[in-house]
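Work through the exercises below with the sequence and the structure at hand. Try each task before reading its solution.

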Amino acid sequence: MLLDSTQYFDRPSVVPPPDTGRIQRTIRVITQVYSTFLLVLFGLLPLAAIAYLSAFQSPALLFEEHPFHELVIWVATLEGLFVSYVTWRCYKHSGEPFLRWLTLGFLGFTLIYLPHGLFTGMAHEHMWLFLLYGPASRLFMGVCFFVGLLSYGAAVDPAGQRGRVAYWGGWLAVVGLIIVAVGVIALSPLGAHPAVRLSMEIASLVIALLGIVVVFARGIRSPLMTTFFTLSLAFFAQSSIAFVLGKPWNHMWWLAHVIFASGFFLLSYGVVSAYLTTRAFSTVLSQEELMAQLRMSNARTESALAELRATHEQLEHQAATDWLTGAANRRDFLARTDVEISRAARTGAPLSLLALDLDHFKHINDRYGHQAGDDLLKKFVSQMTTILRPSDIIGRFGGDEFVIALPDTTREVAANIGERCRIQLENNVKIVQDPRVKFGMCIGVAEFGLDGNTLEQCLSIADERLYRAKEAGRNQVVAM
Ligand SMILES: Nc1nc2c(ncn2[C@@H]2O[C@H](COP(=O)(O)OP(=O)(O)OP(=O)(O)O)[C@@H](O)[C@H]2O)c(=O)[nH]1
């Protein structure tokens, strides 16, 4: 076929759509419910440990090991400082107010908690000085996290403000004041009042629970928030319960430390994950969201590729086609006919060529105008294709000169086809209303193998016969 185009690319790979069947949807819902159930179960594990210990712990059993306690606090301090720094880096990058409060919470906790370790040696003489820094540090952190939660999703802080010394210095001063205030209260008679410690523990518990409620009430969907942050809050709340039930150095007291540390490490892990990915808590995506985005960008790539493919085909077609008539241009005709000649040489199948030239085309142009001449050329090619087979190739060599390659066709049959072409032009190609105006053409025929062994030789013989047709009075086919 003249205007066919070659398919250069494989079909685009199909992006699998999300599960659509009813069974898949049901399995999906069940899986989601199950994963939520597992998370809740994991979040409530500390309660099981607390219940177990309250039932079976011996009141006489204490683990008062000062160096171990000091070591643990030093490790916690280093971890706290590191996670505060990482959180601050995330905040510097994203400007999320939530991360500002998270940084402050981590840093404040670490600094207020430090004296709890430093005063380990005074655990007996100044028990409250030793004890009160624990709940105070956790309460400070809880308040910061809660305020951060309320500011979650608010407009990001301007880049210039994120590292302001005055801001961070101001908060460090507040933390310093808290450390001093806790010390003063601890050393005063008020410090010994159980209400002081209890009120801080209960406030931490309530604020952590409120935090969980806020996450769900606000419909916050970021995986870091719904998984790591809420789990940590759950752990903090349960650590407060254990601290209320525990007594210094008994196992419940140590368990409370472990529960709190688990929440702290979990949240640290969330921060580190944010740091290693988007450096923001809100823009870390869930696997489902990532898959959806991947599907969308795949679809975009596929459609861009299809467009590119279509443009490429169009350009290929344009480069191979005569712009006026749609016939193959000389280069494309020669390339395609060469392939057919090789095939004919290989298989021994016949192949013929027709060289065509419209009669008095210059005169037609002069008489009816160039536009009408163009019209004639277009209609001529279009009429020829009604006679030719899809495997035949028609090419325009210039002006009113055309060549047709007829694979699997002997010279005799080609001469007949040429005659049909000539009659078709004479009877069916019109550019003016007058039925008396008819056009003719000269055709020279040559067969590969009979008249020449190369395309050039065959073309030259066909051309020679075409000129003989002209000399013999035009509008005829010459095949011998
Ligand atoms: N309308 C039109 N005319 C063209 C185009 N290309 C070439 N021509 C004209 O076609 C004419 C060809 O003239 P000749 O080569 O003398 O051919 P002829 O008039 O058919 O003479 P014979 O072949 O001897 O019958 C010239 O006048 C060209 O200007 C084209 O794309 N459109």
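## Exercise 1: The edge strand β2

Five of the six residues of β2 are buried, so the strand is largely enclosed by the rest of the structure. The model is a predicted one.

Task: Find where β2 sits in its sheet and what lies across it.

Solution.
Step 1. The sheet is open and has five strands, in the order β2-β3-β1-β4-β5, with mixed pairing.
Step 2. β2 (393-398) and β5 (477-478) are the edge strands, and each of them pairs on one side only.
Step 3. Helix α12 (residues 330-347) lies across β1 (351-358), β2 and β3 (401-407), and runs at about 135° to β2.

## Exercise 2: The hairpin of β2 and β3

Task: State in which sense β2 and β3 pair, and over how many bridges. Then identify bridge partners and the residue with a positive phi.

Solution.
Step 1. Strands of a sheet pair through backbone hydrogen bonds, and the sense is either parallel or antiparallel.
Step 2. For β2 and β3 the sense is antiparallel, over five bridges.
Step 3. I393 has A405 in β3 as its bridge partner, and I394 has I404 in β3.
Step 4. Two residues lie between the strands of this hairpin, and G399 takes a positive phi near 45°.
Step 5. β3 is largely enclosed by the rest of the structure, because five of its seven residues are buried.

## Exercise 3: Strand β1 and its partners

Task: Decide whether the faces of β1 are covered or open, and describe its pairing with β3 and β4.

Solution.
Step 1. Count the buried residues of β1: eight of its eight residues are buried.
Step 2. Sort them by side. L351, L353, A355 and D357 are buried on one side, and S352, L354, L356 and L358 are buried on the other, which leaves both faces covered.
Step 3. β1 pairs with β3 in the antiparallel sense over seven bridges. L354 stands opposite I404 in β3, and L356 stands opposite F402 in β3.
Step 4. β1 also pairs with β4 in the antiparallel sense over seven bridges. In β4, L354 has V445 as its bridge partner.
Step 5. Beyond β1, β4 (residues 441-447) pairs with β5 in the parallel sense over two bridges. There, G444 has V478 in β5 as its bridge partner.

## Exercise 4: Two helices in contact

Task: Classify the packing of α2 and α9, and name the residues that make the contact.

Solution.
Step 1. Helix α2 (residues 45-56) and helix α9 (residues 223-245) pack at an angle of about 10°, with axes 10 Å apart.
Step 2. Angles under 35 degrees count as roughly parallel. The two helices, α2 and α9, are therefore roughly parallel to each other.
Step 3. From α2, the contact uses P46, L47, I50 and S54; from α9, it uses F235, Q238, I241, A242 and L245.
Step 4. By class, this contact of α2 with α9 has seven nonpolar, two polar and no charged residues.

## Exercise 5: The nonpolar cores

Task: Locate F235 in the largest nonpolar core and list its contacts.

Solution.
Step 1. The largest nonpolar core has 64 residues, and F235 is among those with the most contacts inside it, as are I112, L132, A136, F140, A274 and F281.
Step 2. Helices that each supply at least two residues of this core include α3 (66-94), α4 (97-118), α9 and α10 (251-276).
Step 3. Leaving aside neighbours within four places in sequence, F235 is in contact with P46, I259, F260, S262, G263 and L266.
Step 4. Another core lies apart from this one; it has 46 residues, among them L376, A405, V429 and V478.

How values were computed. Residues numbered from 1 in each chain as written. Predicted model: local features only at pLDDT ≥ 70, side-chain atom pairs only at ≥ 80, totals over all residues. Axes fitted to C-alpha atoms, helices over the stretch in contact; angles between N-to-C directions. Helix = DSSP H or I, 4+ residues; strand = E, 2+ residues; numbered from the N terminus. Parallel < 35°, antiparallel > 145°, perpendicular 65-115°, else oblique. Contact = placed C-beta atoms within 7 Å. Nonpolar A, V, L, I, M, F, W, Y, C, P; charged D, E, K, R; others polar. Core = buried A, V, L, I, M, F, W, Y, C linked by C-beta atoms within 7 Å. Buried ≥ 20, exposed ≤ 12 C-beta atoms within 10 Å, placed from the backbone. Pairing = 2+ DSSP bridges.
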